[in-house]
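Subject: Structure handover

Dear colleague,

Please find the structure below, followed by notes on what turned up in it.

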Amino acid sequence: MTRFKYFLLLPLAVMLSGCNLVVLRPSGDVASQQANLIVISTVLMLIIIVPVMFLTVFFAWRYRAGNKEAKYEPDWDHSTHLELVIWAAPLLIIICLGALTWMWTHLLDPYRPLSRIAEGQPIEDAGDPLEVQVTALDWKWLFIYPEYGIASVNELAAPVNRPVRFRITSSSVMNSFYIPALAGQIYAMPGMETTLHGVINKPGEYTGFSANYSGDGFSGMHFAFHGLETAAFDTWVADTRAETGALDRTSYQELAKPSENVPVQKFGTVENNLFRFIRDRCVEPGKMCMDEMMAIDRNGGLGLAGVNLLQQPMVGDTAVRTALFGLKSNIVTGICTIEEQEAVADVGIAIGKPVNPDPLVGAGLARRSFLPFRAPMLDAQLQFSRPSGS
């Protein structure tokens with residue numbers, strides 16, 4: 001019978017042998033601190049869970065129907081000492097877990113620059129952080145190294161014991177950037193930028209992948225992360241620079257098209273500010289960037305000063321003008337001024353009544369003594385309401 005019990009445990013041992021314990025045994029300092037937090041939180045909860053599980057079995061055995069020696073007290077209903085233990089112990093555990101959560105939430109904030117590269121090694125010994133600009137594509141990862149002017153697809157490298165600052169965005173749908181051995185996962189979202197700080201402390205090849213389902217090619221959206229010594233990383237950079245491929249707006253648009261199980265690609269040169277164009281969704285020439293649009297909105301809108309953006313470039317004008325409504329430019333055929341309105345009214349053509357501008361308020365919108373007149377044909381599109389009694 002004993003041998004049969006061991007035989008039943010064999011499948012469990014086989015399954016456990018396939019477990020990847022990289023989350024609890026990472027090679028980066030940030031991930032190590034996260035692993036410690038997981039272990040400490042688990043131990044604190046087990047202080048309550050283990051006694052409860054033990055007492056459940058103990059009471060079932062102790063007060064079974066066949067045990068005549070157990071003391072039978074049907075009228076028992078209260079014990080002050082037992083109540084103190086039942087409520088005080090979980091309360092203390094919750095207080096400890098709350099304090100740990102609050103503290104480590106701030107210490108391990110992905111946006112927070114690192115304060116050390118390893119236990120006992122201050123950040124001052126590590127030099128400037130390596131910036132890596134990460135873009136989640138369908139279905140692959142693009143890494144741009146602005147310091148070196150290179151880029152790679154589905155391959156990432158970083159020197160050992162040097163902080164890395166990831167600037168992360170997405171080209172289409174929300175995704176998730178995750179290297180378990182380095183740091184926790186963080187989302188990549190289109191039109192937005194998230195930040196992750198980390199450091200790798202041991203040389204090796206690690207796995208990175210997407211932790212958020214994003215479509216048909218999600219299962220192949222993984223990459224290799226190489227932790228390299230400084231000399232080996234310099235060699236990797238030199239080899240990438242030797243590649244003849246160039247990544248600019250045009251080649252990026254081709255790269256961004258959906259594709260599955262994409263092999264590693266490297267680009268020896270990268271167009272300046274390409275990551276900014278990707279993040280602000282203006283890779284296509286002539287398309288207004290989101291940061292420009294938000295700056296305009298913050299200042300109260302374009303007004304007459306922005307009419308020029310709706311016109312096609314003049315012949316011989318080398319300046320690239322931004323189209324507000326996509327790649328197709330719009331043409332302004334005419335602008336009606338107050339003087340023109342009054343002149344038309346003198347000849348008896350009814351165009352409309354002036355609108356009282358007093359109710360019009362808003363950020364960046366100054367009060368004016370008049371607004372342009374509007375024609376009846378525009379009344380269905382432009383409706384300025386006035387408070388009752390004004």
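The UniProt record, an unreviewed entry, places the feature "transmembrane region" at residues 37-61 and 82-104. Please keep in mind that the model is predicted. In the model, residues 37-61 are 100% helix and 0% strand, with 36 Å between the end C-alpha atoms. Residues 82-104 are likewise 100% helix and 0% strand, and here the end C-alpha atoms are 33 Å apart.

There is a nonpolar patch on the surface, formed by Leu 21, Val 23, Leu 24, Ile 38, Val 39, Val 43 and Ile 47. Together these residues have about 570 Å² of accessible area. One of them, Ile 38, belongs to helix 2, which covers residues 29-62. Ile 38 has a relative accessible area of 40% and is therefore partly exposed, since that class runs between 20% and 50%.

Next, the aromatic side chains. The count of aromatic pairs comes to 15. One of these is formed by Trp 141 and Phe 223, which meet edge-to-face with 5.9 Å between the centres and 65° between the planes. Trp 141 is in strand 4 (residues 140-145) and Phe 223 is in strand 12 (residues 222-228), so this contact ties together parts of the chain that are 82 residues apart in sequence. Is each partner buried or exposed? Trp 141 is buried, at 0% relative accessibility, and Phe 223 is buried as well, at 4%.

Tyr 148 and Phe 233 form another edge-to-face pair, at 5.8 Å centre to centre and 70° between the planes. This pair also links distant parts of the chain: Tyr 148 sits in the loop between strand 4 and strand 5 (150-153), Phe 233 in helix 4 (residues 230-241), and the two are 85 residues apart. Tyr 148 counts as buried at 17% relative accessibility, because the cut-off for buried is under 20%. Phe 233 is buried too, at 1%.

Trp 141 and Phe 223 also appear in an aromatic cluster, together with Phe 143, Phe 166 and Phe 177. A ring elsewhere has a charged neighbour: Arg 249 lies over the face of Phe 277, 3.7 Å from the ring centre.

Now the charged side chains. The whole structure contains 14 salt bridges. Three of them are described here in turn.

- Glu 73 and Lys 71: the closest N and O atoms are 3.4 Å apart. Glu 73 is partly exposed, with a relative accessible area of 44%, whereas Lys 71 is exposed at 62%.
- Lys 257 and Glu 254: the N to O distance is 3.1 Å. Lys 257 is partly exposed at 46% relative accessibility, and Glu 254 is exposed at 52%.
- Arg 276 and Asp 291: the N to O distance is 3.0 Å. The pair links distant parts of the chain, with Arg 276 in helix 6 (residues 274-279) and Asp 291 in helix 7 (residues 290-298), 15 residues apart. Arg 276 is partly exposed, with a relative accessible area of 24%, and Asp 291 is partly exposed at 27%.

Arg 276 and Asp 291 are also members of a network of salt bridges. The other residues linked in the network are Glu 131, Arg 165, Arg 167, Glu 193, Arg 279, Asp 280 and Glu 292.

Regards

Definitions and conventions:
Residues numbered from 1 in each chain as written. Predicted model: local features only at pLDDT ≥ 70, side-chain atom pairs only at ≥ 80, totals over all residues. Heavy atoms only, no water. Patch = residues over 30% accessible without salt bridge, like charges linked within 9 Å, V, L, I, M, F, W, Y side chains within 5 Å. Areas by Shrake-Rupley, 256 points an atom, 1.4 Å probe, with all protein chains shown as cover. Salt bridge = Lys/Arg side-chain N within 4 Å of Asp/Glu carboxyl O. Helix = DSSP H or I, 4+ residues; strand = E, 2+ residues; numbered from the N terminus. Buried < 20%, exposed > 50% of the residue type's maximum accessible area, 1.4 Å probe, protein only. Phe/Tyr/Trp six-rings, centres within 6.5 Å; stacked < 30°, edge-to-face > 60°. Lys NZ or Arg CZ within 6 Å of the ring centre and 35° of its normal. UniProt positions renumbered as here; feature names shortened; annotations may be inferred.
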